[in-house]
Amino acid sequence: MNIVVCCKVVPDDQDIQVAADGTLDYSKAKPIVSAYDLNAIEAAAQLADGGRVVAVTAGPADIDDSKLKKNILARGIDELYMTADDACKGLDAHAAAAALADLVAKAGEYDLILCGDGSADDYAQQVDVQLAARLGLPSVNGATKIEAGSGSVTVERTLEDVVEVVEAPLPCVVSVAPDIALPRIPGMKDILAAGKKPMGVAGADGAYESALEVLSCKAPEQAERKLEVMDASEDGAIEKFAAALKAAL
């Protein structure tokens, strides 16, 4: 099975700094693959079963990073297509789907497109369905298990109160839940081999217009904490503690 897996490069949230006015400073945050997409990459590598796995991603110029590209290719990926252009900075789901559709067209023949069920920054959960709409393909989301069949895939979705099984014809777009596959930790041999794999990096083919206008993006204000300490040995302390928790909720 030939699979295209879509991934998003995001700033490492551990290095994002919050200014006094609540604005976010990304200057020290290195680009990394969104954690949710690592599960999709692993699921694609396992499902391909000897087939070809191509990763596609689009973002600003700084995602064209040697370490980042090797990290993607060292996870069972055969080839990478990347659009690295500042014109692709801050894309919403609508624009990201358009950019990914152009990359899918370059990736060659495929049977299945996999996506993470959201991104570590916006988590809009819209790119997969909008990509499917652009390509005219059926879409299934929230997959916790995928089995390949003859001309179709059987997708298991673990919902709140039921496990749903859906059969979709190929080709199709499937977004996966985080627990579908545990991402592998690439070894040194995988990383060295990744440097020899094909990498197609180019600028944007055109302008990708977002459908949403972002007015501001700020961290929420920190709530004041009472820092009240209670002595459990005192009479009524447990009841007082329970009442305080109830009031806070």
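Start with the surface of the whole chain: in this predicted model, the chain exposes about 14,500 Å², of which carbon and sulfur atoms supply 51%. With the full chain still selected, the C-alpha trace can be seen to span about 70 × 45 × 40 Å along its principal axes, and 37% of the 249 residues count as buried. Colouring by secondary structure brings out 6 helices and 13 strands. If you then draw the contacts between residues at least 6 apart in sequence, 73% of them join residues at least 24 apart.

Next, select the charged side chains, where the chain has 22 positive and 41 negative ones. The centres of these two sets lie 6 Å apart.

Now move to helix α4, residues 127-135. Which of its residues are buried? Show D128, L131 and A132 as sticks, since these are the buried residues of α4. Turn the view to look down the helix axis, and the buried residues of α4 fall within an arc of 100°, so they line one face of the helix. An α-helix has 3.6 residues a turn, so residues three or four places apart point the same way. To see what this face meets, add β1 (3-6), α3 (93-106), β8 (112-116), β9 (139-148) and β12 (172-176), against which the buried residues of α4 pack. Before leaving the helix, select G136, which follows α4 and has a positive phi, near 70°.

The cysteines make the next stop. How many disulfides are there? The count comes to 0. Begin with C7, which is in no disulfide, the nearest cysteine sulfur being that of C6 at 7.7 Å; C7 counts as buried because its relative accessibility is 4%, under the 20% cut-off. Then go to C172, whose sulfur is 11 Å from the closest cysteine sulfur, in C115, and therefore too far for a bond, given that a disulfide needs the two sulfur atoms within 2.5 Å. C172 is also buried, with a relative accessible area of 0%.

Finish in the loop between β7 (79-84) and α3, where G90 lies. Is G90 buried or exposed? G90 counts as exposed because its relative accessibility is 69%, over the 50% cut-off. As a last selection, add D65 and draw the C-alpha to C-alpha distance to G90: the two residues are 25 apart in sequence and 18 Å apart in space.

How values were computed. Residues numbered from 1 in each chain as written. Predicted model: local features only at pLDDT ≥ 70, side-chain atom pairs only at ≥ 80, totals over all residues. Heavy atoms only, no water. Buried < 20%, exposed > 50% of the residue type's maximum accessible area, 1.4 Å probe, protein only. Helix = DSSP H or I, 4+ residues; strand = E, 2+ residues; numbered from the N terminus. Arc of directions from axis to C-beta. Contact = heavy atoms within 4.5 Å. Areas by Shrake-Rupley, 256 points an atom, 1.4 Å probe, with all protein chains shown as cover. Lys, Arg positive; Asp, Glu negative; His and termini not counted. Charge placed at Lys NZ, Arg CZ, Asp CG, Glu CD.
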